[in-house]
Amino acid sequence: MKVKLRIVYPTGYVERPILAEAILTTGIKMNILEATLDARSGELIASLEAEEPEIERLVGFLRDRGVKVERIVGMLKVDKDRCIDCGACVSICPVQAIEISEDWSVRFDEDRCVGCGACVRACPMKAVTLV
Amino acid sequence: MGFVRGEESLRTYEEINEKVRRGDAVVMTAEEFASYVEQAGLEKAAKEVDVVTTGTFGAMCSSGAFLNFGHTEPPMKMYRCWLNDVPAYKGLAAVDAYIGATAMSETRGFEYGGGHVIEDLVSGREVELRAEAYGTDCYPRKYLETHITIEDLNQAVLLNPRNAYQRYVAATNSTDRTLYTYMGTLLPHYGNVTFSGSGVLNPLCKDSGFETIGVGTRIFLGGGVGYVIGEGTQHNPRKGFGTLMVKGDLKRMNPRYLRGASIYRYGTTLYVGVGIPIPLINMRVAKTAALRDEDIWTEIVDYGVPSRNRPAIRKVNYKELKSGRVVVNDETVPCSPLSSIRMAREIAETLKKWLTEGIFFLTRPVELLPTDTVFKPLEVKRREPRVREVMKAEVVTAKPTDDIRAVAKLLVNRGVDHIPIVDDKGVLVGIVTSWDLAKALALGKDRLMDVMTRRVVTAGLDDSIDSVVSKMSRYNISGLPVVDDRRRVIGLITADDISRRLYRRFLP
Ligand code: SF4
Ligand code: SF4
């Protein structure tokens with residue numbers, strides 16, 4: 001299954017290679033969607049695909065080392081009845097998670113979405129919500 | 001070029017309608033027609049195709065609906081009224097109102113507005129009606145609170161003063177902050193480009209000579225049938241920004257094509273679906289109907305400049321805009337539409353279906369739209385007083401040959417400081433002040449012409465007071481004769497007059 005994790009490093013943890021250790025130990029490949037790091041603390045949003053027990057193991061591994069891990073579940077919700085496929089949300093998405101398809105309908109790639117909320121504000125039909 | 005606009009040299013409206021009736025009219029959407037022309041050539045395509053259908057679905061702020069509520073018991077002359085807390089215009093008869101798309105809810109603000117009320121009505125939902133009145137002998141009721149649906153209304157007429165822009169500029173943002181505009185969210189440093197309109201499908205682009213679209217043209221409006229009732233406001237055909245005024249029966253429309261919207265930090269509006277059939281009555285119409293996205297141009301404009309005259313960054317065609325990436329200042333940036341091209345296509349398809357099923361007939365316009373109007377800006381004029389409002393029209397004048405002692409007496413008696421000197425025809429030849437006269441008497445001079453100032457600084461009736469004040473200080477004088485265009489004296493304006501005037505303006 002595919003999940004997204006919000007990984008928050010508390011103060012002083014940034015320089016430790018915790019994520020690299022976690023990837024090496026569990027063998028799970030991660031895709032970093034967004035990272036806000038400074039010298040002392042940081043936040044990452046990563047997407048990954050693995051079986052449930054492996055995900056549990058990864059989350060446990062990180063938590064044991066003092067890193068906060070949160071699962072992001074179904075963050076983006078698009079009400080397809082409200083959506084008119086206008087495209088007002090497309091060019092403002094920082095991670096190109098919204099696309100116009102061949103037939104001009106608008107498609108959201110929920111796996112890429114980092115939940116920034118830009119499309120929620122930009123949608124004139126109030127069709128997008130973050131949950 | 002001796003051609004008659006609207007001439008039916010390829011086919012007439014009657015011929016097309018006859019084919020529609022029989023079910024064998026050849027109809028193509030504008031997209032289909034443009035590619036058919038590329039493949040078969042204009043000549044052949046124009047001969048075969050009777051009608052080209054168009055469509056657009058975007059935010060159209062100049063939209064709204066006339067509603068008639070019917071009379072309550074006892075009756076009421078509504079003075080103010082609200083629909084779901086959105087104020088409707090009540091400067092009409094007792095129970096007529098106009099709900100405008102951009103009016104906003106007094107309780108929910110940007111979230112809900114007139115556009116949403118119209119969508120709710122068309123969807124058959126209940127809408128709260130609240131009204132106030134001052135009460136008259138014939139309309140005693142003063143307050144009303146009830147619920148209505150569109151069924152309850154006597155009339156519900158969508159009447160939009162400006163819809164279906166021929167084309168619109170594309171937007172970008174040069175500043176270092178995100179802008180929230182009616183052109184959507186514009187990222188800083190030219191981070192994206194947004195555009196409106198459906199290009200190849202855009203109704204007015206497909207008859208840019210205004211040969212078939214005119215007063216009385218039957219159209220697809222909000223999922224129902226509507227009519228063009230004239231040029232839209234700000235109609236600017238010379239610059240390629242034509243617009244339409246349209247109306248239609250709201251009761252027969254479909255909420256799929258009328259959607260209330262809120263543009264973040266801008267306000268509320270209504271997305272309106274408009275589709276117009278273009279009958280190929282002559283080759284000129286066929287030629288514009290065949291225009292492709294790459295033939296339709298607009299400009300990318302910098303919305304970072306808060307002015308009416310925003311600078312254009314470059315020209316761009318709809319093909320590039322629709323590609324999703326546009327080059328701005330040597331950088332490729334993401335680009336997306338604000339109006340729904342998928343819905344525009346659906347509208348053109350629906351109109352095509354109506355025509356091929358024989359349930360929609362074309363009308364010949366009873367009058368064509370103007371092609372030469374221009375769109376004037378509104379200049380903000382500061383109201384400043386003019387000389388004619390401040391000057392004294394009764395002027396004491398004298399002749400150059402008058403005796404100085406007599407004039408000095410006049411000056412004292414009438415309590416004035418300036419005497420313009422005029423010839424027999426009233427033309428200004430000089431001026432004397434009380435100071436000049438005192439000096440002349442002391443020196444024993446006799447005649448005015450020996451002491452008067454000949455080079456006189458004057459003012460005109462419509463000069464601004466600002467300009468008079470600056471002349472006074474520049475020439476160190478305290479009064480100016482006011483003259484007409486033949487230099488005849490018609491008044492006098494003094495520093496006293498101006499300060500009295502200013503007093504009136506600034507003191508309570
Ligand atoms: S919330 Fe919207 S704009 Fe932000 S990343 Fe997700 S899809 Fe893109
Ligand atoms: S802005 Fe809203 S209505 Fe437009 S395509 Fe995006 S989700 Fe759909």
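In the predicted model, the secondary structure of chain B comprises 12 helices and 32 strands. The domain assignment divides chain B into three parts: domain 1 is assembled from the segments 13–60, 159–291 and 337–368, domain 2 covers 70–153, and domain 3 covers 387–506. Domain 1 of chain B is thus discontinuous in sequence, with domain 2 falling between the segments 13–60 and 159–291. The centres of domain 1 and domain 3 of chain B, taken over C-alpha atoms, are separated by 66 Å.

The overall dimensions of chain B were examined next. Its C-alpha trace spans about 110 × 65 × 50 Å along the principal axes. The radius of gyration of chain B is 34 Å, whereas a compact globule of 508 residues would have a value near 23 Å. Of the 508 residues in chain B, 50% are buried.

Several loops of chain B contain local backbone features. The peptide bond joining B:E73 and B:P74 is cis, with omega about -10°. B:P74 belongs to the loop that connects β4 (64–68) with β5 (80–83) of chain B. A positive phi is found at B:N329, which is not a glycine; the angle is near 50°. This residue, B:N329, is placed in the loop between β26 (325–328) and β27 (331–337) of chain B. With a relative accessible area of 48%, B:N329 is partly exposed, because the value lies between the 20% limit for buried residues and the 50% limit for exposed ones.

B:R487 likewise is not a glycine and has a positive phi, of about 65°. The loop that holds B:R487 runs between β31 (479–483) and β32 (489–494) of chain B. The relative accessibility of B:R487 is 35%, so this residue counts as partly exposed. B:Y190 is located in the loop between β15 (184–186) and β16 (193–195) of chain B. Its relative accessible area is 24%, and B:Y190 is therefore partly exposed. In sequence, B:Y190 and B:A171 are 19 residues apart, while their C-alpha atoms are 9.3 Å apart in space.

Chain A has 131 residues, of which 45% count as buried. Its secondary structure consists of three helices and eight strands. Read from the N terminus, the elements of chain A follow the order β-α-β-β-α-β-β-β-β-α-β. The succession therefore both opens and ends with a strand. Along the principal axes, the C-alpha trace of chain A spans about 45 × 30 × 25 Å.

Two ligands are surrounded by residues of chain A. The shell of ligand 1 is formed by A:L76, A:C93, A:P94, A:V95, A:I98, A:C113, A:V114, A:G115, A:C116, A:G117, A:A118 and A:C119. By class, this shell contains 10 nonpolar and two polar residues and no charged ones. The two polar members are A:G115 and A:G117, because glycine is counted in the polar class. The space occupied by ligand 1 is the second largest cavity.

The largest cavity is the space taken by ligand 2. Around ligand 2 there are 13 residues, of which A:C83, A:C86, A:G87, A:C89 and A:C123 come nearest. The shell of ligand 2 divides into 11 nonpolar residues, one polar residue and one charged residue. Since glycine counts as polar, A:G87 accounts for the one polar residue of this shell.

Methods: Residues are numbered from 1 along each chain as its sequence is written. Chains are lettered from A and ligands numbered from 1 in the order in which they are written. This is a predicted model: local features need pLDDT of at least 70, side-chain atom pairs count only at pLDDT 80 or more; totals for chains, interfaces and linings use all residues. Side-chain values use heavy atoms; hydrogens and water are left out. Domain bounds come from an automatic or database domain assignment. A residue is near a molecule or strand if one of its heavy atoms lies within 4 Å of it. On a 1 Å grid over the protein atoms alone, a cavity is a set of points where a 1.4 Å probe fits but cannot get out, and a pocket is an open set with protein on both sides within 12 Å along at least five of seven lines; lining residues have an atom within 4 Å of a point. A molecule sits in a cavity or pocket if more than half of its atoms lie within 2 Å of its grid points. Helices (H or I, at least four residues) and strands (E, at least two) are DSSP runs, numbered from the N terminus. The radius of gyration is taken over C-alpha atoms; the globule rule is 2.2 Å times the number of residues to the power 0.38. Buried means under 20% relative accessible area, exposed over 50%, partly exposed in between (1.4 Å probe, protein chains only).
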